[in-house]
Amino acid sequence: LNRGFTEMHCMSGHSNFVSCVCIIPPSDLYPRGLIATGGNDHNICIFTVDNPAPLYVLKGHKNTVCSLSSGKFGTLLSGSWDTTAKVWLNDRCMMTLQGHTAAIWAVKILPEQGLMLTGSADKTIKLWKAGRCERTFTGHEDCVRGLAILSEMEFLSCANDASVRRWQISGECLQVYYGHTNYIYSISVFPRCKDFVTTGEDRSLRIWKQGECAQTIRLPAQSVWCCCVLDNGDIVVGASDGIIRVFTESLERTASAEEIQAFENELAQASIDPKTGDLGDISADDLPGREHLKDPGTRDGQTRLIKDNGKVEAYQWSVSEGRWIKIGDVVGSSGATQQTSGKVLFEGKEYDYVFTIDVNENGPSYKLPYNITDDPWLTAYNFLQKNDLNPMFLDQVAKFIMDNTKGQTLLSTSNQFSDPFTGAGRYVPGSSSGSSTIPGADPFTGAGRYVPGSASNAVPPVGGVDPFTGMGAYQSTAAKVENIYFPKKDAVTFDQANPTQILGKLKELNGSAAEEHKLTEDDLIILEKLLSATCNTSAETPTAQQLQTLWRAVNWPEDIVFPALDILRLSVRHPTVNENFCSEKEHGQFIILLLKFLNPKGKQANQLLALRALCNCFVSHAGQKLMMERRDEIMTQAIETKSGNNKNIHIALATLTLNYAVCLHKVNNVEGKAQCLSVISTVMEVVQDLEAIFRLLVALGTLISDDTNAVQLAKSLGVDSQIKKYASVSEPAKVKECCRFVLNLL
């Protein structure tokens, strides 16, 4: 019966239903490849081909994992009801893609490195590059259910709006295909061409050639959840009756006459619910009798309804056989509330009921989703918690649910399989309580805490020039160029200073400042002392009074603040100042101040000096600790300054990235490295200046030294192809040399 397919293993590792499966291609470590599965238990299990128990389990999503896609170099992309997608490398989460506002039902890694697609119940598709959202595709009128890749430049999507769309990566929709009469759940492309197949909630598999629906195959099950095209062109479909069926064009693989007859009998006995709209709107009284089947059909897959002895039957025309095949009896509806199986969609999931509850007259109304299988008290409790409502209402809400669902008993679900996407009829109370709230945790580690790891033990090279300052003598070694560039051990700072000029500018602007901002003569002398103390021209230690005066000055209006920021940039290198501004009690205000100046709409001078001040924070332990604790928001805000096309800002941004790379190399924090690599890849695209490029290359080299995971991630982001061009730069030589060392690692 299973022509060519036999069951090898029954793998188990999930505690609830499995909603998606994907193959991870063979690698050196696993020459037969791996199998990844996503489940309702929020986990992803990774299996080897020959073991029924998982090799490892990936934890991190906060709700059902409903789609998976694998890429090169061991990367795996997952999409979840928790509205996020995650990028995994081997057994670690590298990045979390945040931006959708509802469940992510489809994910795909594109052939061009570093590009990923996500399709969501928020009706949009997003394109991500190196972990950042590049573009949002809008056009579908309902939840996006499936994605399929046509080429490096084009892809297809299918949705609950019963349409398929073909898109260009650049953003435009090239074509819309109509044919299905209900939700489309799955789409798959034929190898080496642009033809494709789709399946959906209208009991059909449809084959599309040259942009037209060339064939419709009806199935004896309401929901055809998934389809995939095998390398030999056969089509496999999985449906709600729990059966997998394979369709072929090849004569030698065609099933026996008995099997085909059995399939037709099954189809003929199927009962079709007219209210689902699979067959259009029908009125039984107007239907013709059996004689209507004497006329041949006009196209393959055409359906005809006839009335025979008071029963309505549905037939479909088969061109190849030149006859009408019975595809089922049309029966009365079950009194469904919605077009499909009587379910209501809420936040991308299906429920038996979604009530609207008004807590008080003029306040907002709240949605309360409920399944007949749920416990009314628990549902009421979760609803109150999720919406921060008074627990006093518990009795009222539970009673409301019971009153409004009277007489509804649990349907027998023995023969109904649940929707692997929405889990219809299988919703577990409590699991959606956090579906729309985005937690404040660090989106990489999900913890907001910093995990120290093993420090690297690479030995710094001896001799050679410091490529940043050009200090020291250059020894030419006969043939072998030594890697003096990375891994870099110490932070790079901005030290150049002209105290006289800075103070001159400060005094000049102070003259024109508004009264409430003006500094007194004494204040100016205090700041002069601070500058000489921190620029090593005197042996004094900065005082608390000096720092208070500086703090007042850096809070000047943004059009005149830059000389004060420059004093801050120079002072923060002094251990006393660093400790003061970056310590536990002060740092909140300090970081807020600097992040405010990184606004790309603000003055470029302020952006530049704020970036340099952040770089200089890395000189002392207190500063490093603060910079690492606030890494996520600092990097996210700093990267916005790339848009200004200012060479000095680009150098400062590259240096900030490099200083992060130095810290991350010491502690081997995977999520931090992933963010840093994403920033390097994003900034590389806009930077022209070779000094900035050089610093980014050193940052990249430092991040991936002694870390195979980081090397794989850099490759999967396509960083190697981004930097190749710098291997042939003639001047300055350090760019070419450093680039070649990095490429050797990749």
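**Local features of the predicted model**

Ser571 is buried, because its relative accessibility is 0% and the cut-off for burial is under 20%. The model described here is a predicted one. Ser571 belongs to helix H7, which covers residues 562-571. When neighbours within four places in sequence are set aside, the contacts of Ser571 are Leu530, Thr534, Leu550 and Val577.

Helix H18 was examined for its length and for the placement of its buried residues. With 13 residues at 1.5 Å a residue, H18 should span 18 Å, and its end C-alpha atoms are 19 Å apart, so the two values agree. Within H18, the residues Lys734, Val735, Cys738, Cys739, Phe741 and Val742 are buried. These buried residues line one face of the helix, because they fall within an arc of 160° when H18 is seen down its axis. The cover over the buried residues of H18 includes helix H15 (690-704) and also H17.

Just ahead of H18 in the chain there is a cis peptide bond. This bond runs from Glu731 to Pro732 and has an omega near -15°. Pro732 lies in the loop that separates helix H17 (719-723) from helix H18 (733-745). A cis peptide bond is also present from Phe486 to Pro487, here with omega near 0°. Pro487 likewise sits in a loop, the one between helix H3 (394-404) and helix H4 (499-512).

Positive phi values in residues other than glycine were considered next. Lys123 has a phi near 75°, which is positive although the residue is not a glycine. Lys123 is placed in the loop between strand E10 (115-120) and strand E11 (125-129). With a relative accessible area of 40%, Lys123 is partly exposed, because this class lies between the limits of 20% and 50%. Ala162, also not a glycine, has a positive phi of about 65°. The loop that holds Ala162 connects strand E14 (154-159) and strand E15 (163-168). Ala162 has a relative accessible area of 13% and is therefore buried.

The strands on either side of Ala162 are also joined through their side chains. Glu154 and Arg166 form a salt bridge, with an N to O distance of 2.9 Å. This pair links distant parts of the chain, since Glu154 is in strand E14 and Arg166 is in strand E15, twelve residues apart. Glu154 and Arg166 are both buried.

Across the structure, the number of salt bridges is 25. Such pairing is possible because side chains of opposite charge can pair when their charged atoms come close. One of the salt bridges joins Glu321 and Arg323, whose closest N and O atoms are 2.7 Å apart. Glu321 is partly exposed, as its relative accessibility is 42%. Arg323 is likewise partly exposed, with a relative accessible area of 32%.

A further salt bridge is found in helix H15, the helix that helps to cover the buried residues of H18. Here the side chains of Arg695 and Glu691 meet at an N to O distance of 2.8 Å. Arg695 and Glu691 are separated by about one helical turn, because they are four residues apart in helix H15. Arg695 is buried at a relative accessible area of 9%, whereas Glu691, at 22% relative accessibility, is partly exposed. Elsewhere, Arg290, Asp308, Glu313 and Lys326 are joined into one network by salt bridges that share partners.

The UniProt record, an unreviewed entry, carries the annotation "repeat: WD" for residues 58-88, 97-129 and 177-209. Residues 58-88 are 0% helix and 55% strand in the model, and the end C-alpha atoms of this span lie 8 Å apart. For residues 177-209 the content is 0% helix and 58% strand, with 11 Å between the end C-alpha atoms.

Key
Residues numbered from 1 in each chain as written. Predicted model: local features only at pLDDT ≥ 70, side-chain atom pairs only at ≥ 80, totals over all residues. Heavy atoms only, no water. Helix = DSSP H or I, 4+ residues; strand = E, 2+ residues; numbered from the N terminus. Buried < 20%, exposed > 50% of the residue type's maximum accessible area, 1.4 Å probe, protein only. UniProt positions renumbered as here; feature names shortened; annotations may be inferred. Contact = heavy atoms within 4.5 Å. Expected span 1.5 Å × (residues − 1). Arc of directions from axis to C-beta. Salt bridge = Lys/Arg side-chain N within 4 Å of Asp/Glu carboxyl O.
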